[in-house]
Amino acid sequence: MLLFFIPVLLIVYLYWWGRDKQKIENVIGNYIFITGCDTGFGNAAAKRFDKLGFHVLAGCFTEKGALQLQAVTSERLKTVQMDISKPDSVKKAAEWVKSQVGEQGLWGLINNAGISGIIAPTDWLKIDHFRKPIEVNLLGTIDVTLNVLPLLKKRKGRIVIVASVLGRVAPHGGGYSPSKFGLEGFNDSLRRDMQPFEIKVSCIEPGLFKTGMNNDNKQYEAKLALWNEVPTVVRKQYGDNYFHKSEEQMLKHRESLFKDDLSPVVKCMEHAMTAKYPRTRYSVGSDATFLWLPLSYMPSVLQDIAVCRTKIKLANPKFV
């Protein structure tokens with residue numbers, strides 16, 4: 001029986017591999033709108049698609065980011081300053097995109113803009129620490145998508161949503177993982193709703209990469225400020241050395257797990273925009289493939305054991 005299944009699986013894999021390699025003809029030269037192009041994945045993607053010959057419309061949060069991007073790209077690339085957490089800014093940017101693409105319509109939207117917010121134990125946080133990442137990462141992405149959908153329908157285009165493996169497994173507190181879990185749900189519903197319009201929707205789930213979003217100094221300062229403000233009871237529960245131990249652990253994780261090379265994620269964006277059959281999901285990075293993705297399919301009790309074993313032990317959690 002096993003000897004029968006091996007060639008069958010091989011044939012299925014070869015069929016999938018050949019199908020995955022097929023490209024759309026004459027796709028180069030179309031318009032692609034990318035958010036979050038100041039740094040990180042968005043910045044690298046804007047440069048790559050510009051080099052390929054696309055008309056890149058790059059959404060940047062700062063004027064500095066826009067000018068720096070324009071300085072190293074062709075005249076085809078245009079920038080717009082926008083804050084995706086503000087509806088007026090999104091609407092204005094969408095109108096600008098419409099004026100750029102004209103009757104041609106928009107071939108691609110890459111929803112990349114996002115923030116990490118403060119990463120800390122949940123009982124250190126206030127509601128605003130959850131609200132901001134959700135407003136940017138989830139609601140901002142939805143708002144951008146809704147505003148440019150008519151342009152994508154006209155072109156029967158492509159949508160890419162950059163979520164995260166931490167939208168499958170939440171190893172720490174803060175608003176980042178909840179916002180990415182929400183993106184996973186939005187991606188699924190959008191993909192199914194857009195099928196009648198022949199719009200392909202793909203979700204990219206990067207593992208741990210070093211981007212502009214991961215600012216160690218800002219994260220440290222924000223977390224230290226939180227630690228200095230927690231009630232005495234909470235400080236007793238965690239112990240006076242907890243903060244420094246957790247920061248040491250975070251630095252070790254960044255050195256061992258976080259990757260500098262952003263090109264694997266950009267290659268997935270490129271495939272989603274140029275392949276005849278874009279994938280529904282792209283999990284990117286060795287940690288995503290061999291750690292987070294398998295962990296996400298495990299029963300919750302096993303996830304809890306795996307994640308909690310990596311956490312710093314509290315000094316006196318029973319103190320009240």
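1. Helices here are DSSP runs of H or I with at least four residues, strands are runs of E with at least two, and both are numbered from the N terminus. The model is predicted. On that basis, Asn 26 sits in the loop that links helix 1 (2–20) to strand 1 (31–34).

2. Asn 26 deserves a look at its backbone. Its phi is near 60 degrees, a positive value, and the residue is not glycine. Is Asn 26 buried or exposed? Its relative accessibility is 73%, and exposed means over 50%, so Asn 26 counts as exposed.

3. Glu 198 also has a positive phi, about 60 degrees, without being a glycine. Glu 198 lies in the loop between helix 6 (176–193) and strand 6 (200–206). Its relative accessibility is 45%, so Glu 198 counts as partly exposed. The partly exposed class runs between the 20% and 50% cut-offs.

4. Helix 6 precedes that loop. What should the 18 residues of helix 6 span? At 1.5 Å a residue, the expected span is 26 Å. The end C-alpha atoms of helix 6 are 26 Å apart, which agrees.

5. Which residues of helix 6 are buried? The list includes Tyr 176, Leu 183, Phe 186 and Leu 190. Charged side chains are on it too: Lys 180, Glu 184, Asp 188 and Arg 191. Ser 177, Ser 179 and Asn 187 are also buried.

6. What do the buried residues of helix 6 pack against? One partner is a helix, helix 5 (127–155). The others are strand 5 (158–162), strand 6 and strand 7 (281–284). Strand 6 therefore appears twice in this note: it follows the loop of Glu 198, and it packs against the buried residues of helix 6.

7. Now the whole chain. The protein has twelve helices and seven strands. Its C-alpha trace spans about 65 × 60 × 35 Å along the principal axes. A compact globule of 320 residues would have a radius of gyration near 20 Å; the protein has 21 Å, which agrees.

8. Burial and contacts come next. Buried residues make up 47% of the 320. Take the contacts between residues at least 6 apart in sequence: 72% of them join residues at least 24 apart.

9. Last, surface and charge. The protein exposes about 17,100 Å², and carbon and sulfur atoms supply 58% of that area. There are 43 positive and 31 negative charges. Their mean positions are 4 Å apart.

Methods:
Residues numbered from 1 in each chain as written. Predicted model: local features only at pLDDT ≥ 70, side-chain atom pairs only at ≥ 80, totals over all residues. Heavy atoms only, no water. Rg over C-alpha atoms; globule rule 2.2 N^0.38 Å. Buried < 20%, exposed > 50% of the residue type's maximum accessible area, 1.4 Å probe, protein only. Contact = heavy atoms within 4.5 Å. Areas by Shrake-Rupley, 256 points an atom, 1.4 Å probe, with all protein chains shown as cover. Charge placed at Lys NZ, Arg CZ, Asp CG, Glu CD. Expected span 1.5 Å × (residues − 1).
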